[in-house]
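Colleague: I would like a close look at a single part of this model, please. Pick one and walk me through its surroundings.

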Amino acid sequence: MRVVLLGPPGAGKGTQAQIIAGQLGVPAISTGDIFRANVSGETELGVQAKSYMDAGDLVPDEITVAMVKDRLAETDAKGGFLLDGFPRTIAQAEQLRDSLRELGHGLDCVLELVVDEDELVRRLSGRRMLVDGQWVQRSDDEPETVRHRLQVYREQTAPLSGWYEGEGLLSRIDAIGAVEEVTQRAMSALEARGSA
(Lines give C-alpha, C1' and ligand atoms only; values in the text may rest on other atoms or scores of the structure.)
Protein backbone atom coordinates (compact mmCIF):
# COMPACT_ATOMS: atom_id res chain seq x y z
CA MET A 1 0.00 0.00 0.00
CA ARG A 2 1.74 3.14 -1.23
CA VAL A 3 -0.18 6.36 -0.67
CA VAL A 4 0.51 10.08 -1.07
CA LEU A 5 -1.51 12.49 1.08
CA LEU A 6 -2.17 15.93 -0.43
CA GLY A 7 -3.91 18.94 1.02
CA PRO A 8 -3.38 22.60 1.90
CA PRO A 9 -2.02 23.84 5.25
CA GLY A 10 -4.66 23.27 7.91
CA ALA A 11 -6.40 20.38 6.12
CA GLY A 12 -5.34 17.92 8.81
CA LYS A 13 -2.68 16.02 6.85
CA GLY A 14 -0.40 15.36 9.81
CA THR A 15 -3.23 13.98 11.95
CA GLN A 16 -4.73 11.87 9.16
CA ALA A 17 -1.31 10.61 8.01
CA GLN A 18 -0.63 9.06 11.43
CA ILE A 19 -4.10 7.51 11.76
CA ILE A 20 -4.39 6.17 8.20
CA ALA A 21 -0.83 4.81 8.19
CA GLY A 22 -1.56 3.08 11.50
CA GLN A 23 -4.70 1.47 10.09
CA LEU A 24 -2.80 0.37 6.98
CA GLY A 25 0.18 -0.89 9.00
CA VAL A 26 2.68 1.22 7.04
CA PRO A 27 5.01 4.05 8.13
CA ALA A 28 3.82 7.65 7.83
CA ILE A 29 6.73 9.44 6.22
CA SER A 30 6.96 13.23 6.25
CA THR A 31 9.60 15.19 4.40
CA GLY A 32 10.19 17.20 7.57
CA ASP A 33 11.20 14.01 9.38
CA ILE A 34 13.41 12.96 6.46
CA PHE A 35 15.15 16.35 6.41
CA ARG A 36 15.70 16.34 10.17
CA ALA A 37 17.09 12.78 10.12
CA ASN A 38 19.50 13.56 7.27
CA VAL A 39 20.66 16.89 8.70
CA SER A 40 21.09 15.64 12.28
CA GLY A 41 22.70 12.41 11.03
CA GLU A 42 25.03 14.52 8.89
CA THR A 43 24.48 12.30 5.87
CA GLU A 44 25.98 13.46 2.59
CA LEU A 45 22.53 14.59 1.43
CA GLY A 46 21.85 16.20 4.80
CA VAL A 47 25.05 18.25 4.63
CA GLN A 48 24.12 19.40 1.10
CA ALA A 49 20.56 20.27 2.17
CA LYS A 50 21.78 22.16 5.25
CA SER A 51 24.01 24.40 3.12
CA TYR A 52 20.93 25.53 1.14
CA MET A 53 18.77 25.85 4.27
CA ASP A 54 21.42 27.88 6.09
CA ALA A 55 21.53 30.27 3.14
CA GLY A 56 17.73 30.61 3.26
CA ASP A 57 17.31 28.87 -0.09
CA LEU A 58 14.96 26.07 -1.06
CA VAL A 59 16.64 22.67 -1.16
CA PRO A 60 16.82 21.59 -4.84
CA ASP A 61 14.44 18.84 -5.96
CA GLU A 62 17.23 16.39 -6.76
CA ILE A 63 18.45 16.44 -3.13
CA THR A 64 14.93 16.19 -1.69
CA VAL A 65 13.99 13.37 -4.06
CA ALA A 66 17.22 11.50 -3.30
CA MET A 67 16.48 11.72 0.45
CA VAL A 68 12.91 10.48 -0.09
CA LYS A 69 14.13 7.64 -2.33
CA ASP A 70 16.66 6.55 0.32
CA ARG A 71 13.90 6.59 2.96
CA LEU A 72 11.50 4.58 0.80
CA ALA A 73 14.21 1.95 0.28
CA GLU A 74 14.44 1.32 4.05
CA THR A 75 13.10 -1.99 5.37
CA ASP A 76 9.99 -0.62 7.12
CA ALA A 77 8.76 0.99 3.88
CA LYS A 78 9.21 -2.06 1.66
CA GLY A 79 5.62 -3.17 2.24
CA GLY A 80 4.19 0.30 1.74
CA PHE A 81 4.13 3.83 3.11
CA LEU A 82 2.10 6.98 3.40
CA LEU A 83 3.92 10.09 2.19
CA ASP A 84 2.90 13.37 3.85
CA GLY A 85 4.29 16.65 2.47
CA PHE A 86 5.87 15.19 -0.65
CA PRO A 87 5.70 15.65 -3.55
CA ARG A 88 4.99 19.39 -3.61
CA THR A 89 5.39 20.00 -7.35
CA ILE A 90 4.68 18.10 -10.56
CA ALA A 91 8.44 17.85 -11.19
CA GLN A 92 8.85 16.13 -7.80
CA ALA A 93 5.88 13.85 -8.57
CA GLU A 94 7.50 12.77 -11.83
CA GLN A 95 10.80 12.12 -10.05
CA LEU A 96 8.97 10.16 -7.31
CA ARG A 97 7.24 8.03 -9.96
CA ASP A 98 10.59 7.30 -11.62
CA SER A 99 12.28 6.53 -8.26
CA LEU A 100 9.50 4.13 -7.30
CA ARG A 101 9.80 2.38 -10.66
CA GLU A 102 13.51 1.89 -9.97
CA LEU A 103 12.51 0.26 -6.67
CA GLY A 104 9.99 -1.89 -8.55
CA HIS A 105 6.88 -0.13 -7.22
CA GLY A 106 4.22 2.42 -8.07
CA LEU A 107 1.72 4.46 -6.09
CA ASP A 108 -1.61 2.85 -5.24
CA CYS A 109 -3.54 6.02 -4.45
CA VAL A 110 -3.27 9.75 -3.85
CA LEU A 111 -5.69 11.09 -1.24
CA GLU A 112 -6.42 14.81 -1.41
CA LEU A 113 -7.93 16.37 1.70
CA VAL A 114 -10.33 19.07 0.49
CA VAL A 115 -11.29 22.01 2.75
CA ASP A 116 -12.61 25.40 1.61
CA GLU A 117 -10.33 28.39 2.15
CA ASP A 118 -12.47 30.17 4.75
CA GLU A 119 -12.44 27.04 6.93
CA LEU A 120 -8.66 26.71 6.52
CA VAL A 121 -8.12 30.33 7.58
CA ARG A 122 -10.45 29.79 10.56
CA ARG A 123 -8.60 26.61 11.59
CA LEU A 124 -5.10 27.99 11.19
CA SER A 125 -5.68 31.44 12.63
CA GLY A 126 -7.41 29.80 15.60
CA ARG A 127 -4.38 27.71 16.56
CA ARG A 128 -2.62 28.70 19.75
CA MET A 129 0.44 27.47 21.60
CA LEU A 130 1.41 27.83 25.24
CA VAL A 131 4.43 30.09 25.78
CA ASP A 132 5.53 31.03 29.30
CA GLY A 133 2.10 30.16 30.65
CA GLN A 134 0.21 32.23 28.04
CA TRP A 135 -1.62 31.13 24.92
CA VAL A 136 -0.22 32.94 21.87
CA GLN A 137 -0.77 32.73 18.14
CA ARG A 138 2.04 31.41 15.98
CA SER A 139 3.36 34.15 13.68
CA ASP A 140 2.73 31.97 10.60
CA ASP A 141 -0.91 31.57 11.66
CA GLU A 142 -1.90 35.26 11.39
CA PRO A 143 -4.84 35.47 8.92
CA GLU A 144 -2.84 37.45 6.30
CA THR A 145 0.07 34.97 6.54
CA VAL A 146 -2.33 32.05 6.31
CA ARG A 147 -3.86 33.45 3.13
CA HIS A 148 -0.36 33.88 1.67
CA ARG A 149 0.53 30.27 2.58
CA LEU A 150 -2.66 29.11 0.87
CA GLN A 151 -1.81 31.19 -2.22
CA VAL A 152 1.63 29.56 -2.40
CA TYR A 153 -0.05 26.16 -2.04
CA ARG A 154 -2.51 26.96 -4.86
CA GLU A 155 0.29 28.06 -7.17
CA GLN A 156 2.89 25.39 -6.43
CA THR A 157 1.18 22.31 -5.02
CA ALA A 158 -2.49 22.37 -6.07
CA PRO A 159 -1.59 21.53 -9.72
CA LEU A 160 -0.57 18.09 -8.42
CA SER A 161 -4.25 17.32 -7.92
CA GLY A 162 -4.96 17.55 -11.65
CA TRP A 163 -1.74 15.73 -12.53
CA TYR A 164 -2.52 12.78 -10.26
CA GLU A 165 -6.13 12.78 -11.51
CA GLY A 166 -4.71 12.41 -15.03
CA GLU A 167 -2.61 9.49 -13.76
CA GLY A 168 -5.80 7.84 -12.48
CA LEU A 169 -4.60 7.86 -8.86
CA LEU A 170 -6.54 10.71 -7.20
CA SER A 171 -9.34 10.38 -4.64
CA ARG A 172 -10.68 13.62 -3.17
CA ILE A 173 -11.78 13.46 0.48
CA ASP A 174 -14.07 15.97 2.19
CA ALA A 175 -11.88 16.92 5.18
CA ILE A 176 -14.51 18.89 7.09
CA GLY A 177 -15.97 17.15 10.12
CA ALA A 178 -14.73 15.08 13.02
CA VAL A 179 -11.29 13.49 12.65
CA GLU A 180 -12.87 10.00 12.74
CA GLU A 181 -15.33 10.91 9.95
CA VAL A 182 -12.52 12.17 7.70
CA THR A 183 -10.49 9.03 8.41
CA GLN A 184 -13.49 6.84 7.53
CA ARG A 185 -13.95 8.70 4.23
CA ALA A 186 -10.26 8.20 3.43
CA MET A 187 -10.34 4.48 4.31
CA SER A 188 -13.50 4.04 2.21
CA ALA A 189 -11.76 5.70 -0.75
CA LEU A 190 -8.78 3.35 -0.35
CA GLU A 191 -11.07 0.33 -0.11
CA ALA A 192 -12.96 1.45 -3.23
CA ARG A 193 -9.64 1.41 -5.07
CA GLY A 194 -8.89 -2.03 -3.68
CA SER A 195 -5.92 -0.56 -1.86
CA ALA A 196 -6.83 -1.11 1.79
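Modeller: Two strands pair if DSSP finds at least two bridges between them, and strands themselves are DSSP runs (E, at least two residues), numbered from the N terminus. This is a predicted model, in which local features need pLDDT of at least 70, side-chain atom pairs count only at pLDDT 80 or more, and totals for chains, interfaces and linings use all residues. Residues are numbered from 1 along each chain as its sequence is written, and side-chain values use heavy atoms, with hydrogens and water left out.

Let's take strand β1, which covers residues 2–6. Of its 5 residues, 5 are buried (under 20% relative accessible area, with a 1.4 Å probe and protein chains only), so β1 is largely enclosed by the rest of the structure. In a regular strand the side chains alternate between the two faces of the sheet. In β1, R2, V4 and L6 lie on one side, while V3 and L5 lie on the other. Residues on both sides are buried, leaving both faces of β1 covered.

Now for the strands that pair with β1. One is β3, residues 81–84, which runs parallel to β1 with 4 bridges between them. If you would like a spot to find on screen, look at R2 of β1: its bridge partner in β3 is F81. Another is β4, residues 109–114, also paired with β1 in the parallel sense, over 4 bridges. Here you can look for L5, which stands opposite L111 of β4. L5 is thus worth a second glance, being one of the buried residues as well.

Technical notes. Buried < 20%, exposed > 50% of the residue type's maximum accessible area, 1.4 Å probe, protein only.
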